[in-house]
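Let's walk through this structure together, one helix at a time. Have the sequence and the 3D view open as you read.

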Amino acid sequence: MNATVPGNCHRAGCASRIPAALTSAQLCLDHFVDEAFVRTDEALGRCREGRSLDSEGLEWLLSDALAVVKNLEEGADEPNPEQRDRMLELLLVLSNVHEYVANQSVRIKRPA
Ligand SMILES: [Zn+2]
């Protein structure tokens, strides 16, 4: 079992375990969700102002959403209501961003 344990969060002063789904982010769930909120809020702000999003940023948002969904699945056995609420809220904000993009009210900058 130990082979798949990714270790502890890389944030200074945080000793929380990194869930398997967040191995690439090297963050615990709380810190990952914190960061994802910042990125997502930024993207939503850009959408509302009619500014363009870059495709790289969009991919970030998409991978955030996938990581959140994976964590929801993995945590289904031992639910933590507070974390669950934050993740669901994050998914809601993410889906708002995706809606803006799907409606093409936002231009996507593609690398030339
Ligand atoms: Zn942490």
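What follows looks at the helices and then at the charged side chains. Please keep in mind that this is a predicted model.

A good place to start is helix α1, which covers residues 29-48. Its 20 residues reach 28 Å from the first C-alpha to the last, close to the 28 Å expected at 1.5 Å a residue. Quite a few of its residues are buried, among them L29, F32, V33, A36, F37 and L44. R39 also belongs to the buried set, as do H31 and T40. What lies over these buried residues? The cover includes β1 (53-54) together with α2 and α3. After α1 comes G50, and its phi is positive, near 75 degrees.

Next, turn to the pair formed by helix α2 (residues 55-74) and helix α3 (residues 81-102). Their axes are 10 Å apart, and the helices pack at an angle of about 145 degrees. The crossing of α2 past α3 is left-handed. On the α2 side, the residues in contact include L58, L61, L62, A65, V68 and V69, and D64 takes part as well. From α3 they are met by residues including M87, L88, L91, L94 and V97, along with R84 and H98. Sorted by type, the residues of this contact are 14 nonpolar, two polar and two charged.

Now for the charged side chains. Side chains of opposite charge can pair when their charged atoms come close. The model holds five salt bridges. In one of them, the side chains of E35 and R39 meet at 3.8 Å, N to O. Why are these two well placed along the helix? E35 and R39 are four residues apart in helix α1, so about one helical turn separates them. As a general rule, an α-helix has 3.6 residues a turn, so residues three or four places apart point the same way. E35 itself is partly exposed, with a relative accessible area of 30%.

R39 has another partner, D64, with the closest N and O atoms 2.7 Å apart. This pair links distant parts of the chain, since R39 sits in helix α1 and D64 in helix α2, 25 residues apart. Is D64 buried or exposed? D64 counts as buried because its relative accessibility is 0%. Together with R11, the residues E35, R39 and D64 are linked in a network of salt bridges.

One more pair is worth finding: R51 and E49 form a salt bridge whose closest N and O atoms are 2.6 Å apart. R51 is partly exposed, with a relative accessible area of 39%, while E49, at 53%, counts as exposed.

Key
Residues are numbered from 1 along each chain as its sequence is written. This is a predicted model: local features need pLDDT of at least 70, side-chain atom pairs count only at pLDDT 80 or more; totals for chains, interfaces and linings use all residues. Side-chain values use heavy atoms; hydrogens and water are left out. Axes are lines fitted to C-alpha atoms, for helices over the stretch in contact, and angles run from 0 to 180 degrees between N-to-C directions. A crossing is left-handed if the near helix is turned anticlockwise from the far one by less than a right angle, and right-handed if clockwise. Contact means heavy atoms within 4.5 Å. Ala, Val, Leu, Ile, Met, Phe, Trp, Tyr, Cys and Pro count as nonpolar, Asp, Glu, Lys and Arg as charged, and the others, Gly among them, as polar. The expected span of a helix is 1.5 Å times one less than its number of residues. Buried means under 20% relative accessible area, exposed over 50%, partly exposed in between (1.4 Å probe, protein chains only). A salt bridge is a side-chain nitrogen of Lys or Arg within 4 Å of a carboxyl oxygen of Asp or Glu.
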